[in-house]
Amino acid sequence: MKKPARVLTIAGSAAGGSAGIQADLKTFQELDVYGMSVITAIVAKHPVTRKNIHLQTVEAIEAQFATARKQVGVDAVKTGMLFSKDIIQRTAHLIRETSLQHVIVDPVMVGKMGSILLDDDAIEVLKQELIPQATIITPNLHEASILLDNRPLTTIEDLKQATIDLYSLGSQYVLIKGGRNLNGPAVDVLFNGKTVTLLEAPKIDTRNTSGAGCTYSAAIAAYVAKGKTLIQAVELAKDFVTTAISYGFSYTDIVGPTYHAARRKFGSEHAIKIDNEE
Ligand code: PXL
């Protein structure tokens, strides 16, 4: 048997199962890669104290990383919620000294339910230490705006310019996810230093999109680990997440998860339109 490719997520645990580590591992399993995790924080609101971010120590993070690397090995890594300056610095250090080939950085900042997943003083460290090591960064429109010092982004033209400007932070590719925050279809913009590519999917009328961003970047990591080129990986990942969103559901009256098993069970129903501009 050919062993599956190995993918590590460095992210927060979302106890509700829709986002973070849980979304990443579900995605990895669906795409037949071997999933591993480094948990940076536990996100779960205490009913009485209201505390909702329970950070792990830098030591615990380093121990998990060493375990994954030594017991298994890593073909691709994805980062999600890193929360603090210290965790970002240590993660950047671990990635640098391991010389990983595929590094997907999802600059997670705020959860769908409004949880703050990144400290204000961590943004500069993210820009200076982690993003330059990334193969690709995958901000949503809001995160892209913050990375560009709160520049308003409202049109596809704004997003194209934003990918070009974010490219100068040093990643090899920039993907801005317009998603449902743009008028019209769900358009994402990818830039590799030369070509701007637009990826378009129909916008799905649902509120159950918790973890969609995590799922998208996890799928990109899985596909590059399996040997796809970055552009192919983004295209396949968009198809995966669009199908997962279209079967999103909720068990309660709060925003629910995407359905990670949707494509396996029902096939893909939404052709992704690709448009390249030199
Ligand atoms: O969807 C963003 C996200 C990422 N990571 C963790 C989260 C969330 C949203 O709640 O909890 C751990």
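**Entry 1: strand β8**

I started with β8, where both faces are covered: A186, D188 and L190 on one side and V187, V189 and F191 on the other are all buried. Buried here means under 20% relative accessible area, exposed means over 50%, and partly exposed is in between, with a 1.4 Å probe and protein chains only. The strand spans residues 186–191, and six of its six residues are buried. Strands are DSSP runs of E with at least two residues, helices are runs of H or I with at least four, and both are numbered from the N terminus.

A note to self before going on: this is a predicted model, in which local features need pLDDT of at least 70 and side-chain atom pairs count only at pLDDT 80 or more, while totals for chains, interfaces and linings use all residues. Residues are numbered from 1 along each chain as its sequence is written, and side-chain values use heavy atoms, with hydrogens and water left out.

**Entry 2: partners of β8**

Which strands pair with β8? I found β7 (residues 173–177), joined to β8 by four bridges and running antiparallel, and β9 (residues 196–201), also antiparallel, over six bridges. Two strands count as paired if DSSP finds at least two bridges between them. On the β7 side, L175 stands opposite L190; on the β9 side, A186 faces A201. The hairpin of β8 and β9 has four residues between the strands, and G193 takes a positive phi near 95° there.

**Entry 3: the whole sheet**

I then traced the open sheet, which has ten strands in the order β3-β2-β1-β4-β5-β6-β7-β8-β9-β10, with mixed pairing. Its edge strands are β3 (53–55) and β10 (273–277), each pairing on one side only. Further along, β1 and β2 (residues 34–43) run parallel and share nine bridges. A14 stands opposite V43 of β2.

**Entry 4: around the ligand**

A14 and V43 turned up again when I listed the residues around the ligand: G12, S13, A14, A19, G20, V43, M81, V108, G111, L117 and C214. To be listed, a residue needs a heavy atom within 4 Å of the ligand. Strand β1 (residues 6–14) gives the largest share of this shell, three residues. I sorted the shell into seven nonpolar, four polar and no charged residues. For that sorting, Ala, Val, Leu, Ile, Met, Phe, Trp, Tyr, Cys and Pro are nonpolar, Asp, Glu, Lys and Arg are charged, and the others, Gly among them, are polar.

How much of the ligand's accessible area does the protein cover? I read 88% of the 310 Å² that the ligand has on its own. The areas come from the Shrake-Rupley method with a 1.4 Å probe; for residues, only the protein chains shown count as cover.

**Entry 5: cores**

The largest nonpolar core has 45 residues, and L8, V77, I88, L130 and L166 touch the most other members. Helix α3 (residues 85–98) supplies the largest share, five residues. Such a core is a set of buried Ala, Val, Leu, Ile, Met, Phe, Trp, Tyr and Cys residues joined through side-chain atoms within 4.5 Å. A second, separate core has 31 residues, including V33, A221, A225 and A237.

I also looked up what L166 touches beyond four places in sequence: I137, P139, A144, L147, L148, V174 and I176. Contact means heavy atoms within 4.5 Å.

**Entry 6: two buried polar-looking spots to check**H102 sits in strand β5 and is buried, at a relative accessible area of 17%. Leaving aside neighbours within four places in sequence, H102 is in contact with D75, A76, V77, T135 and V224.

S217 belongs to helix α7 (residues 212–225). Is S217 buried or exposed? At 1% relative accessibility, S217 counts as buried. With neighbours within four places again left out, S217 is in contact with K78, I104, D106 and T138.

**Entry 7: loops**

Most residues other than glycine have a negative phi. I noted S99, with a positive phi near 45°, in the loop between α3 and β5 (102–105). S99 is exposed, at 63% relative accessibility. N150 also has a positive phi, near 65°, and lies in the loop between α5 (141–147) and α6 (156–167). N150 is exposed too, with a relative accessible area of 58%.

My last stop was A271, in the loop between α9 (262–266) and β10. A271 is exposed at 70%, and its contacts beyond four places in sequence are E200 and P202. The C-alpha atoms of A271 and D239 are separated by 7.3 Å, although the two are 32 residues apart along the chain.
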